[in-house]
Amino acid sequence: EIPNNSFTATQTYSDNAADSALGGEYIAPVKAHNLPPTAKYSITIGNVLVLAGNTTSPNIVYYSTALGTGVQTGAAEYFPSSTNQVQIPSRGGAITGLGVLGQNLYVFKNNNIFVITGNIALDQIRVDEVPSGGKGCIAHATIQEINGALIYLSYDGIYRLAENGVP
């Protein structure tokens, strides 16, 4: 026990533990552990958290490191800013919502829909425009998966986006 003497300016303690017995060596993370960006919309796909709707970068979709993969175990809240983002084409306005159907992530805008396919957890993704005839989504809260399709509200009615990507 170390005596608690408030009249002494310093305290000395010697332990008998070798430095090698204090614990494992620190392993730096593969990707930076940045905080998530500010966003209006969030959704999960697999073990990845996806965010969009940043006012300063309205056409960027951000995604976290995958939960439970390698040295990133338990790190789904980390957003490496230099790698874990994808630029969506600017046509159609700002992003208005996100939806997941099967293994695909759909990015809605007022007049367009884009789909992100591939393995987002491994940064192997591709962005394609869905031929929607200008029928995007105007209200994020209306994007719902029902019976294998995404239902959403557009300017002129309710639309259904089938699993094959056709509204």
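What does the accessible surface of the protein chain come to, and what share of it belongs to carbon and sulfur atoms?

**View 1. Surface and burial of the protein chain in a predicted model.** The accessible surface (Shrake-Rupley method, 1.4 Å probe) comes to about 10000 Å², and 52% of this area belongs to carbon and sulfur atoms. Of the 167 residues, 33% count as buried, a term that stands for under 20% relative accessible area with a 1.4 Å probe, protein chains only. The model is predicted, with local features needing pLDDT of at least 70 and side-chain atom pairs counting only at pLDDT 80 or more, whereas totals for chains, interfaces and linings use all residues. Residues are numbered from 1 along each chain as its sequence is written, and side-chain values use heavy atoms, with hydrogens and water left out.

**View 2. Strands and contacts along the protein chain.** The chain has eleven strands and zero helices (DSSP runs, E of at least two residues for strands, H or I of at least four for helices, numbered from the N terminus). Among contacts (heavy atoms within 4.5 Å) with a separation of 6 or more, 43% join residues 24 or more positions apart.

**View 3. The open sheet S1-S2-S3-S4.** Four strands in this order form the sheet with antiparallel pairing, where a pair requires at least two DSSP bridges between the strands. Strands S1 (41-45) and S4 (85-87) stand at the edges, each with a single partner strand, so one side of each is left without a neighbour in the sheet.

**View 4. The pairing of S3 with S4.** Strand S3 (residues 60-63) runs antiparallel to S4 and is joined to it by three bridges; Tyr62 has Gln85 in S4 as its bridge partner.

Conventions
Buried means under 20% relative accessible area, exposed over 50%, partly exposed in between (1.4 Å probe, protein chains only).
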